[in-house]
Every structure is written in structure tokens, then in C-alpha cells.
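Visitor: I am new to this structure, and I would like to understand how each label attached to it is justified. Could you take me through the reasoning step by step?

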Amino acid sequence: MRMCLPTGATPRSVYSLIARSGDFSRSTVFLLDEFGLPPGDPGRCDEMLRRDLLALLPAPPATVERLNPQSEDLDQECGRYEMLLAHGGLDLTLLGLGGNGHLGLNEPGSDAHSPTRVVALSESTADSIDEYGATAETDWGMTVGMARLLASREIWLLVSGRHKAEVLAGTLNDAVGPDLPATYLREAANVVVWADESAASLL
Ligand code: PGA
């Protein structure tokens, strides 16, 4: 199975539930996004994936792919990742829901056809990396683009907490468009929304 996996607070609790019994040994994992932080910074997505999932698994995934923000040519690096994703596509994509409606680091303003690319972080996203334990600041990142995410054969949107209730309601009810990139999910096939009661409280 080829899966795209996010990091952050929401997936952390899901990973802690599934890791010990999950068999990822025949899976290829594509990390969804990465911040422009130095290698080893605890706020990096590859570090979060290691801490929150890989370190808990009885057996490692067959392959783990990630975007490298230290690459000398970032556009070429994004092109490399896009090709890896295109070759076989994605069977399952897990996504968290950004407080501003972003998916991965496809921030408001992203269109549905956006490729894997370098992005400028919105202020709220740049601020949020403190919560992930980042010891440095950054205003940029790299993300799988909306096009590859929406083409995934199945998508699970994970939403948890009262602070996500408004943006989840907007995701399901607002006009589909770049102001709230998560609304594009309404045009994708096979999307499952997993929300806890607090996050679903406005539905
Ligand atoms: P969170 O982040 O799970 O840490 O709330 C979700 C996101 O920003 O995609």
C-alpha cells in the first residue's frame, strides 16, 4: 500500500492507537510535508513522524519517502517527489485539518491543481510550529500539492477538538475554493471524515 501521512497533534493520537497493532511492513509511506527547518529540529515533520509513528511500529514500513528542505535545488526536489508520487499514485492519504483550512501546507490561496512545491507559510502556520517543539523559526515549507492529494484513491480527514469545529463546518458547507483549500475534498472520490464530538459540534 502507498500512503501519504501527515504529522502534528491530530495524527499523533491516531498513530498512538494504531501503531502497535498496525502492519506497515509492506507499505510505502510518503511524508505529506516538511518545514524549512534544520535537520534534526524537533518541529520537523520527519522528526514528528519518527517520534509519533515509526518509533512505535513493531516493524518499519518498507520505504519512507520525504521531501528534503536542505536540497540545493528545492524545485528539483519537489519535482522528484511529484514523480515518485505519480508513479503508482496514492492508495490512502491521511490529512489533518489546518485551523485556516490548509491541507498539508496547501495554504489558503492554493488551487486544486497545485503541484508539490515550496510554499510560504501563513502567519498562523508559522506560529504553530512552536507547539510541535521547533527550536528555530521558519516562514516556508514544502508540501505535496493538492492535485496529488485529491487523486488519492482514498482520503481520511482527521479532525479533533473544539478549536477545529468552525473550520470543519466551513469545510463541509462553504463554497468550494481556494479560500478554504479543505473544501476541495468535497470534489474528491472516497473521502472519509473522522471527527471527534467536539470538532463535529457545529455540524
Ligand atoms: P494539528 O495540525 O493536527 O497539529 O492541529 C493540523 C494541520 O495543521 O494540518
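Visitor: Why is Phe-30 called buried or exposed, whichever of the two applies?

Guide: In this predicted model, Phe-30 has a relative accessibility of 1%, and because buried means under 20%, Phe-30 counts as buried. Tyr-81 has a relative accessibility of 0%, so Tyr-81 counts as buried too.

Visitor: What makes Phe-30 and Tyr-81 an aromatic pair, and which kind of pair are they?

Guide: The centres of their rings are 6.0 Å apart, and the limit for a pair is 6.5 Å, so the two rings qualify. Their planes stand at 75°, and because an angle over 60 degrees counts as edge-to-face, the pair of Phe-30 and Tyr-81 is edge-to-face. The structure holds 3 aromatic pairs.

Visitor: How do you know which parts of the chain are tied together by Phe-30 and Tyr-81?

Guide: Phe-30 lies in strand E2, residues 28–31, while Tyr-81 lies in helix H3, residues 74–86, so the pair ties together parts that are 51 residues apart in sequence.

Visitor: What makes the contact of Arg-12 with Asp-52 a salt bridge?

Guide: The closest N and O atoms of Arg-12 and Asp-52 are 3.2 Å apart, and because the limit for such a nitrogen and carboxyl oxygen is 4 Å, the pair forms a salt bridge. Arg-12 belongs to helix H1 (residues 9–18) and Asp-52 to helix H2 (residues 45–52), so this contact ties together parts 40 residues apart in sequence. A search of the whole structure finds 10 salt bridges.

Visitor: Why do Arg-12 and Asp-52 carry the labels they do for accessibility?

Guide: Arg-12 has 33% relative accessibility, and because partly exposed covers the values between 20% and 50%, Arg-12 counts as partly exposed. Asp-52, with a relative accessible area of 10%, falls under 20%, and therefore Asp-52 is buried.

Visitor: How do you know that Glu-82 and Arg-148 meet in a salt bridge?

Guide: The distance from N to O is 3.1 Å, which is within 4 Å, and the side chains of Glu-82 and Arg-148 therefore meet in a salt bridge. Glu-82 lies in helix H3 and Arg-148 in helix H5 (residues 146–150), so the pair ties together parts that are 66 residues apart in sequence. Glu-82 is buried, with a relative accessible area of 16%, whereas Arg-148, at 27%, counts as partly exposed.

Visitor: Which four residues are linked in a network of salt bridges?

Guide: The network links Glu-34, Arg-44, Asp-46 and Arg-66.

Visitor: What makes the contact between Tyr-132 and the ligand a polar one?

Guide: A side-chain N or O atom of Tyr-132 is 2.6 Å from an oxygen atom of the ligand, and because the limit for a polar contact is 3.5 Å, this pair of atoms qualifies. The side chain of Thr-10 also has an N or O atom 2.6 Å from a ligand oxygen, and a polar side-chain atom of His-102 lies 2.6 Å from a ligand oxygen as well. Taken alone the ligand exposes 280 Å², and the protein buries 84% of that.

Visitor: Why does Val-193 count as partly exposed?

Guide: Val-193, in strand E9 (residues 191–195), has 35% relative accessibility, so Val-193 counts as partly exposed. Together with Leu-172 and Leu-203, Val-193 makes a nonpolar surface patch of about 240 Å².

Definitions and conventions. Residues are numbered from 1 along each chain as its sequence is written. This is a predicted model: local features need pLDDT of at least 70, side-chain atom pairs count only at pLDDT 80 or more; totals for chains, interfaces and linings use all residues. Side-chain values use heavy atoms; hydrogens and water are left out. Rings of Phe, Tyr and Trp (its six-membered ring) pair if their centres lie within 6.5 Å; planes under 30 degrees apart count as stacked, over 60 as edge-to-face and the rest as tilted. Helices (H or I, at least four residues) and strands (E, at least two) are DSSP runs, numbered from the N terminus. Buried means under 20% relative accessible area, exposed over 50%, partly exposed in between (1.4 Å probe, protein chains only). Patches are made of residues with over 30% relative accessible area and no salt bridge: like charges are joined within 9 Å, nonpolar side chains (Val, Leu, Ile, Met, Phe, Trp, Tyr) within 5 Å. Accessible areas come from the Shrake-Rupley method with a 1.4 Å probe; for residues, only the protein chains shown count as cover. A polar contact is a pair of N or O atoms within 3.5 Å; within protein, one must be able to donate a hydrogen and the other to accept it, and residues adjacent in sequence count only if both atoms are side-chain atoms.
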